[in-house]
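Student: I have a new structure to look at, and I would like to understand the words people use for it. Could we go through some of them together?

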Amino acid sequence: MFTHDNIDRIIGSKVIDTTGDKIGSVGQVFLDDRTNEPTWVTVNTGLFGTKETFIPLQGAQQNGEDLQVAYEKNLVKDAPNIDVDSGHLTPEEEAELYRYYGLGEGTTAQHGQLGDADRDAHTQGVAGQGVAGQDVAGQDVADRDLDRERNVAHGDIDATAHEERLKVGTEERQAGQVRIRKYVTTEQQQVSVPVSKERLVVDREPAEGRPVAGGIDHDNAETIDETITLREERPVVSKETVETEHVRIGKEQVTEQQTVQGEVAREHIEVEGENLDNNGQARH
């Protein structure tokens, strides 16, 4: 059970839902007007942790350094949007929250600001001051609440603007893959080869018709019978293997500049008033 004496344990705690999912961090604690005991906490959610959503402490428990509430994350994030700057819940606002969370009607709760003595004793609970391990966004919001309370008393109001900035890094991924493979193909080639061959050449010359002595002796006539062999060349095909190409594959690292872009949000602060110009300066 959470009491007035252990507010400092609640402020700044990480808030988790019934399944253990993180919702945010505790920004402020609201006390019951009648019992002066913690009844509601606000959790810093949204961009930069600047949105504060009310969550009942009923059913909540400390889980180590975390505050585990009895509701799921989606239910909390869709809770009614209640202004926390006033430091006090109106009866209508608290009734709306009770109806949303399915609880009975309660007593109007106020921000954890009591007397001066209690403020000194529970500075962390009163101002929303963070504790060790708190999210930076939640701590900034709590610090702004404390500064706002102090400055309002002196007529000063401070506002801090935030902006998003791109954080660019690199990651290594596979850009391509190369495989070297050698294979064999066949093709028909035609080559012109000079070849030589022998031909039989017969030269005939007519005689002048001079008379010769004697006649033709048929029995003793000279007979000529010789064989002449003709030769020719023919193409003979053989093959030899020769080198035609050398291929070497290697890797090298190159560096190039690439431009990236992304959408970022920026907060702007405008000051408006009847006696102020567009720059927030007083008109004379």
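Tutor: Happily; the model is a predicted one, and we will talk through a helix, two residues and two pockets.

Student: Which residues of helix H3 are buried?

Tutor: Helix H3 covers residues 91–101, and its buried residues are Glu94, Ala95, Leu97, Tyr98 and Tyr101.

Student: How do you know that the buried residues of H3 line one face of the helix?

Tutor: Look down the axis of H3: the buried residues fall within an arc of 160°, so they line one face of the helix. On the other side of H3, you will find Glu92 and Arg99 exposed.

Student: And what makes these two exposed rather than buried?

Tutor: The word exposed is kept for over 50% relative accessible area, while buried means under 20%. Glu92 and Arg99 are in the exposed class.

Student: What phi does Gly102 take, just after H3?

Tutor: Gly102 has a positive phi of about 70°.

Student: Why is Asn36 worth a look for its phi?

Tutor: Most residues other than glycine have a negative phi. Asn36 is not a glycine, although its phi is positive, at about 60°. You can find Asn36 in the loop that joins strand E2 (22–32) to strand E3 (38–45).

Student: Why is Asn36 called partly exposed?

Tutor: Partly exposed lies between the cut-offs of 20% and 50%. Asn36 has 25% relative accessibility, so it counts as partly exposed.

Student: What about Gly262: why does it count as partly exposed?

Tutor: The reasoning runs along similar lines. Gly262 is at 43% relative accessibility, and therefore counts as partly exposed. Gly262 lies in the segment after helix H6 (136–153). Its C-alpha atom is separated by 9.9 Å from that of Lys167, and the two residues are 95 apart along the chain.

Student: Now the pockets. How much space lies in the largest pocket?

Tutor: The largest pocket holds about 990 Å³ of space. It is lined by 19 residues, and the closest to its centre are Glu171, Glu172, Arg173, Ala175 and Val254. By class, that lining has six nonpolar, seven polar and six charged residues.

Student: And which residues are closest to the centre of the second largest pocket?

Tutor: They are Lys182, Tyr183, Val184, Thr244 and Glu245, out of 14 lining residues. This second largest pocket has about 610 Å³ of space, and its lining divides into five nonpolar, four polar and five charged residues.

Key:
Residues numbered from 1 in each chain as written. Predicted model: local features only at pLDDT ≥ 70, side-chain atom pairs only at ≥ 80, totals over all residues. Heavy atoms only, no water. Buried < 20%, exposed > 50% of the residue type's maximum accessible area, 1.4 Å probe, protein only. Helix = DSSP H or I, 4+ residues; strand = E, 2+ residues; numbered from the N terminus. Arc of directions from axis to C-beta. 1 Å grid on protein atoms, 1.4 Å probe; cavity = no way out; pocket = protein on both sides within 12 Å on 5 of 7 lines; lining within 4 Å. Points joined across faces, edges and corners; volume = space filled by probe spheres on them. Nonpolar A, V, L, I, M, F, W, Y, C, P; charged D, E, K, R; others polar.
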